[in-house]
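Grab a coffee and open the viewer: here are a few short exercises on strands and how they pair. Try each one before reading its solution.

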Amino acid sequence: MSWAKEVAELHRRASLAHAMGGPEKVARQHEFNKLTIRERIEKVADTGSFQEFGTIAGVSKYSEEGELKEFVPSNFVFGLAEIDERPVVLSGDDFTVRGGSADASIATKRVKSEGLAHDLKLPHVRLVDGMGGGGSVKTIERAGRTYIPELRNWEYVVRHLAIAPSVSLALGSVAGIGAARVATSHYSVIVRDSAQMMIAGPALVDWAKLGEVSKEELGHSRIHTRNGAIDDEVATEPEAFERVRRFLSYLPTSTSELPPVTNENDDPNRREPALLDIIPRDPKKTYKMLQVLQNVVDRGSLFEMGVKWGRSIHTVLARINGHPVAIFAENPRIYGGAWSADACRKLIRFIDLASTFHLPLIHFEDCPGFLIGKKSEEDATIRFGSAALAALGQASVPFCSIIVRKAFGVAGGANHKPGSHHIRVAWPSGDWGSLPIEGGIEVAYKAELAEVDDYDAHLAKIKDRLNRVRSPLRSAEHFEIEEIIDPRDTRPLLSKWVKLARKVTEPTTATFTYRP
């Protein structure tokens, strides 16, 4: 006997599931410039690669004869897919069914998606558009009881951070554990204006007598991409999906592998003339550090993370001679490149990312030290700065530093990875010490300056005297800096180094696993 009748019923139920919350709810989703979960999956996954699990899970009603009368699909969709021909677990909330809350079998499916990503050692891409937690208040009446909040199976989400890449996209109103799922990832993106992220929504905030606020006032992208809760913002959902592809392209499928090497049409020995005069001779003048990096890495490979927060340090993924690398570099246009508390927090996450996924770490340094002043002290900059230096010391990947200009104070010491021997070179524009000459000269020579008639003229003489011994060439004479190079030789040097770094890198679990 054939099973055609049962297969036909299976297809009918699958079509009901694909209808999601119905035409009206789908239209409303589009009115808010949001794609449906199934449209999102089609756009982020390779064509035809999505294999869904739990397609017909949901809430059903039957007639007395046992015929299906009504079906509301689960509002969580997940399965296996491919992105650029690499396997991933892909999951997402269906906001057209009860606003993405847990009223329709979401919990067990979500647990399964996290468990599969963990056990199969696959990247997990989460398309978050709703609460994704314990359901709405109506759930209490339906269940006939309340429940004690637990984070059952949350350990899979956390353990996965040390196993394979996780990317979370905030694509709508994200609250509660949905917000936690966005934050507990290696890379997160929010769509500007059509998405918000918050611990709790406006109604609950108002009930707690904390004022009347809108979703935008609580969770707009301008808030959470400036405080570091979310890494980056984009204007559209397709742009968010492109970010997913680019981020994953630098990383291995799991920590059991090394990052993929690509064939780049860019000469590894390319010498860029612009590097010779990109650094101003006047130490007070700034320049664009990203232009330095663009002239060194493979063309078009620069991918900056955390653009809107901790802005005095750039954190960048890139390729050199086809090899993925993690680069951090001071931004002299923000606080002169001084390390702020937020910049240190961002740097800690970035170093952890490099260690977790075996990315060689490169520091292009122009660091005047930790940011100073009253606010800096209030922000506990020294605490986060010390943690950043500890993270650097704990990093399990090869390290290389290029001192572009300044290296002062404790933070300036990040040109060296404690407890290791590594490649460290400087450009002729290098300038270093315990503190800048300009900042300490009047204190150090206070007594001498107090005895002269022409203060400014004598101060100028002292500066001239000190500047004669300021040259990095003198440091090189004492082997305090291993090598000073022509800036144009930076790419050829790093192209050789990344090959050596790969040979000594083993795909083992980092001693210090990734922290969200």
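Keep in mind that this is a predicted model.

**Exercise 1.** Work out how strand β12 and β13 pair, and find the residue opposite M305.

*Solution.* Start with the direction: β12 (residues 303-305) runs antiparallel to β13, and three bridges link the two. Now look across from M305, and you land on T315 in β13.

**Exercise 2.** Follow β13 onward to strand β14 and describe the connection.

*Solution.* First, the pairing: β13 and β14 (residues 323-330) are antiparallel, joined by eight bridges. Next, pick out a facing pair, I320 and H323 in β14. Finally, check the link: the two strands make a hairpin with two residues between them, and N321 in that turn has a positive phi of about 55 degrees.

**Exercise 3.** Decide whether the faces of β13 are covered or not.

*Solution.* Take one side: I313, T315, L317 and R319 are buried. Flip to the other: H314, V316, A318 and I320 are buried as well, so both faces are covered. That makes eight of eight residues buried in β13 (residues 313-320), which means the strand is largely enclosed by the rest of the structure.

**Exercise 4.** Trace the open sheet of seven strands and see what packs on it.

*Solution.* The order reads β1-β4-β5-β6-β7-β9-β11, with mixed pairing. At the edges sit β1 (51-53) and β11 (232-234), each pairing on one side only. Strand to strand, the twist averages 20 degrees. Helix α3 (residues 37-44) packs on this sheet and touches β1, β4, β5 and β6; its direction is at about 160 degrees to that of β5.

Technical notes: Residues are numbered from 1 along each chain as its sequence is written. This is a predicted model: local features need pLDDT of at least 70, side-chain atom pairs count only at pLDDT 80 or more; totals for chains, interfaces and linings use all residues. Side-chain values use heavy atoms; hydrogens and water are left out. Two strands pair if DSSP finds at least two bridges between them. Helices (H or I, at least four residues) and strands (E, at least two) are DSSP runs, numbered from the N terminus. Axes are lines fitted to C-alpha atoms, for helices over the stretch in contact, and angles run from 0 to 180 degrees between N-to-C directions. Contact means heavy atoms within 4.5 Å. Buried means under 20% relative accessible area, exposed over 50%, partly exposed in between (1.4 Å probe, protein chains only).
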